[in-house]
Amino acid sequence: MNEKKQLELYLHIPFCQEKCRYCDFLSAPAQEEVKESYIKALHEEIRQKSKAYEHYSVPSVFIGGGTPSVFDGAAIARLMESLYTFFSVEKNAEITIECNPGTLNREKAAHYRQAGVNRISLGLQSARDEELKLLGRIHTFEAFLKNYDAVRSAGFDNVNLDLMFGLPMQKRSHWEYTLKQAAALAPEHISAYSLIIEEGTPFFQQFEEDCLRRDRGEAPYYLPDEDTERGMYEYTKEFLKDQGYHHYEISNFAKPDKVCRHNIGYWKRENYLGLGLGSASLIENRRFSNTRDLNAYGRGFYEPCDLQILSVQEQMEEFMFLGLRLGKGVSSREFQNAFQVSLKHVYADTIEKLCRQGLLKKKEDRLALTSQGISLSNYVMAEFLLS
Amino acid sequence: MAGVIYCYPIRTRSLSLFVPGLAGVYQEKQEESDMAVIDQSKIRNFCIIAHIDHGKSTLADRIIEMTGLLTSREMQAQVLDNMELERERGITIKAQAVRIVYRAKDGEEYIFNLIDTPGHVDFNYEVSRSLAACDGAVLVVDAAQGIEAQTLANVYLALDHDLDVLPVINKIDLPSAQPQHVIDEIEDVIGLEAQDAPQISAKTGLNVEEVLEQIVAKIPAPVGDEHAPLKALIFDSLYDPYKGVIVFCRIKEGTVKVGTPIKMMATGATAEVVEVGYFGAGQFIPCQELTAGMVGYITASLKNVKDTRVGDTITNAQNPCSEALPGYKKVNPMVYCGLYPADGAKYPDLRDALEKLQLNDAALQFEPETSIALGFGFRCGFLGLLHLEIVQERLEREFNLDLVTTAPGVIYKVHKTDGEVIDLTNPSNLPEATEIDYMEEPMVSAEIMVTSEFIGAIMDLCQERRGIYISMEYMEETRALIKYDLPLNEIIYDFFDALKSRSRGYASFDYEMKGYARSELVKLDILINKEEVDALSFIVHSGTAYERGRKMCEKLKEEIPRHLFEIPIQAAIGSKVIARETVKAVRKDVLAKCYGGDITRKRKLLEKQKEGKKRMRQIGNVEIPQKAFMSVLKLDDR
């Protein structure tokens, strides 16, 4: 049993109650029958795809979205049942479901737990109602607190809160307030993302000009300026460290032993299979994703799209730009093991330059981003592209 | 519907003479013409002149179509404009000629040689030589727009060459057409008899036949003695890889045929004629001989168009004429800039490409130069900014070169204290201030025609560009002709655009060179992160140096991406910094989230970031985008 290869599973639920104004995920509100037929298709995909993975065991499942909690306990339980039936889910696997406040109650949470889910990620985003409103969230902070209680009383002892900073009109004190409110609840895990204004979202229309101003280094009108935004991030790191959280990934903080194993898998390039509309997979250095066409998916089209067989060079690049997201960074020994060539041999100049610029630090066998390196991580990571 | 302005993109010289679609570069008709003996009285040599967009090319098309030597199927949209670039810009770039046969109402067949002329001031000299090859000119005036600056300039040029000018009112099918008004205008302003000018629509073909009849009736037949010593005017030439140089000429006196030993009187080049012929539409048609009055071509195994300068006189080497035709001059570049390959390794390719273009473009000059910022490249000379743009575009398009172009400048005369005078084409070569006695810059005489409501705005513009007011006269109640002397360097960049925007399109413009004038000039240096970037230096009038330095810094601030460190951008005259901007250090460049393991998206973002950096030039430790080197051109963007 122990010799089995591992395979993380991601299940995508592309539905939500209402589309948030910043959101460019593959997700939208939908009618009941659409959701039902989608779930049917998802079951079928699980059944069909599982055949190829008989020799893999599953250490983590992540049901993400969208808002998976638009489905009731029974629906989620049936999905979990399918997974247990067709995949070898490990006994102590981490099984997470993303939930949005306003869609949960104690009964639902208890049902999830019964079905095998052992980790809940709650999209709190902000503790200030005016920010929640601006973001287009359906909940208030009070509604969130009720849901949080429900989750806790249903017995969940591994809860993540998603937070966002750098919101339009947000002041440093606003963010401190949200962070303190969140930490006061003592969740096991906190994800703190800096807001990215994505093209195609209502926020983009609203704040595009502001983004451009900020990119040029000018003072934005609504968004916090870069210094304020970076200040929020620095504060987050210090505050959460004081609160006993370990900063293990650019945007993620965890109490001891509560890191999100599924998430780390992405950065360490573990095998993962995405199930459901548009979800991405990495299987033995092949990347592919499912169709993003809901109708095609509903008709049973599960063929991999955009198949990309990673060359050794691409694998090395990924090893670096994904691994560097982790607080521990990358290990040159692991690099050597994976590619039979030394890290130095491939990247000596780049590493030397980035260290000199104060963006990377070496520690024993490992290489990690400095705090300035985190702020400029896109620049640093792009430097590791080889061609 | 708005007024038309004469603004740049108009012309250059081209490699290919032929209508695309005909096989190869060169198509010959095998049969020799039986029209070796031609009655001079049945020949009409003429050109069509017009302000831009008044319909010159369209009328040429109609004439060629109606004389029937070309079937409709062969007709490209505009027969005479056949270079790819010309088509895209909708302009005529190279002077070309076509011979057509017209059976007139008197029952006689006439031979028309229609010589198309380039129409941009960059190529004024070539226009003048094309006109010199004609006996008459058809003046096309837009029935809605009336006379424009270029109409006048062209008419005066034609009259200078003693051409009979035949006015034609075009676009009478437009709702806004006012043919009678335009006729009166032609009579009042130009002084040409115009009451019986054909009123046509070149687009629909309406009344175009009347133009043909008037060409027969009003344009004089050529005169000239076919037995006199050979005297032929070169009005264009092109290089063909198989035939060598093909010379376009008008035989003024004498006869030329295969085997005639010829000599170019100005360049001294000699050769023996290999072939003579005339211009079919889209093809060269060989014939026995060309005699006085005829227009045709000569090939003689000449290898370079430098030997066959436009305006030169061809004579018989063994029986030369006593004196050359008047008007020849060697055209000299007016505008210089540095051209550098974006990829330094492409330097030899750029040299080859320039050499190839030069085979066909005697006005293009280049010599190697080195820039600290840009490496190895060439300092190139052009007739004007349009010529520059076209060469640049052809290098990029036809030779697939990615170029970095430095700010174009004019030729300054630097009078040194030791009495030496330098022609300065590269700002970097400006001597030390202590060695300079004084400097001079080239001036132009400009004529601007504008409706009265914009006179103030246009005079302000000329004033801002250091213009010297000469005169203003009203052509009619609502339109005036304003004359200014302007420094060439004030108009080469964006004067046309400024003119257009300030007059809402209701101004037209023409100019000619007017020698040098003493001027207070300084070299403006740009320092990026404390390092002087030689390729960004330019010469500027001291009165506007502060303003331009400030704008240059602002512009560069926009162009230079933020780095990990702060980058000061400074403009300086000598050691004195006159303007400064700062590109702030980048503080944040981070993608917080990767959605559900969608790494491909992340990779694309990183790749885009990296790709952007490849198009940069490294100066010290600052990366500068290539287009920044043209920034100075865009200082007055509004």
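Two residues are in contact when heavy atoms of theirs lie within 4.5 Å of each other. This sense of contact applies to the packing described below for a predicted model.

In chain A, helix H6 covers residues 172-184. At 1.5 Å a residue, its 13 residues should span 18 Å, and the end C-alpha atoms are 18 Å apart, so the expected and computed spans agree. The buried residues of H6(A) are His174(A), Trp175(A), Glu176(A), Thr178(A), Leu179(A), Ala182(A) and Ala183(A). These buried residues pack against three strands of chain A, S5 (119-125), S6 (159-165) and S7 (189-194), and against two helices of that chain, H4 (129-135) and H8 (226-242). H6(A) is followed by Ala186(A), which has a positive phi near 55°.

Two packed helices are described by the angle between their axes and the distance between the axes. For H6(A) and H8(A) the angle is about 25° and the axes are 10 Å apart. Angles under 35 degrees count as roughly parallel, and H6(A) and H8(A) are therefore roughly parallel to each other. The crossing of H6(A) past H8(A) is right-handed. On the H6(A) side, the contact is made by Arg172(A), Trp175(A), Glu176(A), Leu179(A), Lys180(A) and Ala183(A). On the H8(A) side, the residues are Gly231(A), Met232(A), Tyr235(A), Thr236(A), Phe239(A) and Leu240(A). Trp175(A), Glu176(A), Leu179(A) and Ala183(A) of H6(A) are thus buried and also take part in the contact with H8(A).

A second helix pair in chain A is formed by H2 (residues 73-86) and H3 (residues 106-114), which pack at an angle of about 10° with their axes 9 Å apart. That angle makes H2(A) roughly parallel to H3(A). Gly73(A), Ala74(A), Ile76(A) and Ala77(A) of H2(A) make the contact with Lys108(A), His111(A) and Tyr112(A) of H3(A). The loop between strand S3 (56-65) and H2 of chain A contains Gly66(A). The peptide bond from Gly65(A) to Gly66(A) is cis, with omega near 15°.

Strand S4 of chain A, residues 88-99, includes Thr96(A). Thr96(A) has a relative accessible area of 0% and is therefore buried. Its side chain is joined to that of Arg119(A) by a polar contact of 3.4 Å. Leaving aside residues up to four places away in sequence, Thr96(A) touches Val61(A), Phe62(A), Ile63(A), Val117(A), Arg119(A) and Ser121(A).

Most residues other than glycine have a negative phi, and most peptide bonds are trans. Gln125(A), in strand S5 of chain A, is not a glycine but has a positive phi of about 70°. Gln125(A) is buried, with a relative accessible area of 6%. In chain B, Asp162(B) is likewise not a glycine and has a positive phi of about 60°. Asp162(B) is found in the loop between helix H4 (149-160) and strand S5 (164-170) of chain B, and at 66% relative accessibility it counts as exposed.

Chain B contains 13 helices and 33 strands. Of its 638 residues, 60% are buried. Among contacts in chain B between residues at least 6 apart in sequence, 71% join residues at least 24 apart. Arg465(B) lies in the loop between helix H9 (455-464) and strand S24 (468-476) of this chain. Arg465(B) counts as buried, at 6% relative accessibility. Its side chain reaches the backbone oxygen of Glu490(B) at 2.9 Å. Arg465(B) and Leu486(B), 21 residues apart in sequence, are 7.1 Å apart in space from C-alpha to C-alpha.

Technical notes. Residues numbered from 1 in each chain as written. Chains lettered and ligands numbered in written order. Predicted model: local features only at pLDDT ≥ 70, side-chain atom pairs only at ≥ 80, totals over all residues. Heavy atoms only, no water. Helix = DSSP H or I, 4+ residues; strand = E, 2+ residues; numbered from the N terminus. Buried < 20%, exposed > 50% of the residue type's maximum accessible area, 1.4 Å probe, protein only. Polar contact = N/O pair within 3.5 Å; in protein donor to acceptor, adjacent residues only side chain to side chain. Expected span 1.5 Å × (residues − 1). Axes fitted to C-alpha atoms, helices over the stretch in contact; angles between N-to-C directions. Parallel < 35°, antiparallel > 145°, perpendicular 65-115°, else oblique. Left-handed = near helix turned anticlockwise from the far one by under 90°.
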